[in-house]
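Me: Please take a close look at how one helix packs against its neighbours in this structure, and then set that part in its surroundings. I would like one connected answer, in plain terms.

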Amino acid sequence: MTVFADLVGQDEAVETMRRAAAAAARIVSGDTGAANGAMTHAWIFTGPPGSGRSVAARALAAALECERDGTGCGECHGCHTVLGGTHADVRFVVPEGLSIGVNEMRALVLRAGTAPSGGRWQAVVIEDADRLTEAAGNALLKAIEEPPPRTVFLLCTPSTHPDDISVTIRSRCRVVPLRQPPAEAVAEVLVRRDGVAADVAAWAAAAAQGHVGRAKRLANDPDARGRREAVLAVPRRLTGVGACFDAASALIEAAEAESATAFAENNTTERAALEQALGAGGTGRGAAGAMRGAAGQLKELEKRQKSRATRSQRDALDRALVDLAGFYRDVLVTNLRAPVAVVHTDVAASSSAAAEKWTPESTLRRLEAIVACRDAIEQNVKPRIAVEAMMLNLWRG
């Protein structure tokens with residue numbers, strides 16, 4: 001099983017990465033004829049959520065460190081350590097908060113400038129590179145413009161639009177576009193890799209709209225299925241202005257609860273570890289003074305945790321909005337008798353009933369309201385305000 005096995009429905013991208021890894025292996029071996037353009041020092045993986053951007057970047061990093069001529073065998077020490085996140089020459093930048101700051105990027109760029117300890121490649125994988133601050137982007141740009149030998153930068157963004165990645169960084173990278181994988185391919189992976197029953201896998205893949213990680217959660221997590229069912233019940237609840245505000249509150253509170261559950265234990269552990277490192281519970285001379293001086297570090301930890309919680313809440317809310325958009329998409333498909341399958345097969349009766357009451361134009365307006373809500377939240381409008389406005393527009397049609 002190679003490192004590319006989990007890239008679903010991305011044959012062209014996999015072939016591009018295989019050629020690059022093979023060329024990289026020849027470069028390591030001293031073959032001067034390997035400079036044929038297959039390998040380059042900076043890459044951007046683009047595609048919709050769930051298409052496998054970070055999976056692709058991690059797979060290429062593993063293939064570059066593969067000890068079997070860059071084949072990405074998935075069996076050698078290099079492949080195993082990269083996929084497990086423990087390889088000494090591969091750094092992963094996964095933003096916990098709303099952005100990636102300049103200090104973090106400068107430290108990574110400095111570290112990436114050193115020679116690879118394993119003798120192959122230094123790799124920096126930046127997930128959600130669209131969250132780079134302007135200063136962090138400038139720090140990265142300088143490294144990409146003057147790349148150290150045998151160092152590669154692997155960036156993941158939704159698109160190459162200037163809102164997602166700067167034009168100057170884009171111009172210095174090779175772009176690998178990924179597509180939304182078909183539901184059949186996602187279901188096959190769930191069955192093969194995760195042991196999910198075939199009928200459950202087919203349902204989860206369709207409901208997740210091609211998002212592999214989301215499909216896995218729906219197949220295995222009853223809480224995730226419960227949250228989805230609550231979201232899909234929203235259209236039936238919108239019977240008046242008061243019901244719209246109630247539905248908005250329920251959606252926001254569900255996202256907040258999901259985030260709190262995900263990070264509560266981790267936050268407590270982080271704080272306890274920091275306090276212990278700063279001398280909490282100590283009885284020696286100066287222990288109390290050390291803790292008094294640690295207030296700034298504890299405050300910085302709280303700030304990071306708050307930023308992480310905010311991002312988690314927005315991600316949870318966005319998943320709910322995607323599910324809700326899927327329902328109105330099903331209504332439109334039914335209304336227009338389009339020759340495509342509905343997304344939410346388990347609530348097909350509700351979407352069919354709605355299609356009998358709403359015109360295609362009003363359904364499109366409802367879909368536009370959801371898109372506008374997602375855009376508003378992305379632009380830092382308060383989620384509650386954006387969701388309340390959306391609910392009113394969904395009710396009015």
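Reply: Helix 8 and helix 9 are oblique to each other, because the angle between them, about 135°, falls neither over 145 degrees nor in the range from 65 to 115. This is a predicted model, and the angle is computed from it. Helix 8 covers residues 198-207 and helix 9 covers residues 212-220. Their axes lie 8 Å apart, and helix 8 passes helix 9 in a right-handed crossing. On the side of helix 8, the contact is made by Val200, Trp203, Ala204, Ala205 and Ala207. Helix 9 contributes Ala215, Leu218 and Ala219. By class, these are eight nonpolar residues, with no polar and no charged ones.

Helix 9 also packs against helix 7 (residues 183-194), at an angle of about 60° and with the axes 10 Å apart. An angle of about 60° is neither under 35 degrees nor within 65 to 115, so helix 7 and helix 9 are oblique too. The crossing of helix 7 with helix 9 is right-handed. Here Val186, Leu190, Arg193 and Asp194 of helix 7 meet Val212, Ala215 and Lys216 of helix 9. Ala215 therefore belongs to the contact with helix 8 and to the contact with helix 7. By class, the contact of helix 7 with helix 9 has four nonpolar, no polar and three charged residues.

Another helix pair can be set beside these two. Helix 16 (residues 360-378) and helix 17 (residues 383-396) have axes that come within 9 Å and cross at roughly 175°. That angle is over 145 degrees, which means that helix 16 runs roughly antiparallel to helix 17. From helix 16 the contact takes Arg366, Ala369, Ile370, Cys373, Ala376 and Ile377. From helix 17, the residues include Pro383, Met390, Asn393 and Trp395. By class, the contact of helix 16 with helix 17 has 11 nonpolar, one polar and two charged residues.

The surroundings also include a sheet. Five strands form an open sheet in the order 2-3-4-1-5, with parallel pairing. Strand 2 (90-93) and strand 5 (174-177) are at the edges with a single partner strand each, so one side of each has no neighbour in the sheet. From one strand to the next, the twist averages 15°. Strand 1 (residues 42-46) and strand 4 (residues 151-157) run parallel and are joined by five bridges. One residue of strand 1, Ala42, has Phe153 of strand 4 as its bridge partner. Helix 2 (residues 53-65) packs on this sheet and touches strand 1, strand 2, strand 3 (122-126) and strand 4. The direction of helix 2 makes about 165° with that of strand 4.

Last comes the confidence of the prediction. The mean pLDDT of the protein is 87, and 88% of its residues reach 70 or more. Among the elements, strand 1 has the highest mean pLDDT, 96, and helix 13 (residues 287-292) the lowest, 53.

Technical notes
Residues numbered from 1 in each chain as written. Predicted model: local features only at pLDDT ≥ 70, side-chain atom pairs only at ≥ 80, totals over all residues. Heavy atoms only, no water. Axes fitted to C-alpha atoms, helices over the stretch in contact; angles between N-to-C directions. Helix = DSSP H or I, 4+ residues; strand = E, 2+ residues; numbered from the N terminus. Left-handed = near helix turned anticlockwise from the far one by under 90°. Contact = heavy atoms within 4.5 Å. Nonpolar A, V, L, I, M, F, W, Y, C, P; charged D, E, K, R; others polar. Pairing = 2+ DSSP bridges. pLDDT = per-residue confidence, 0-100.
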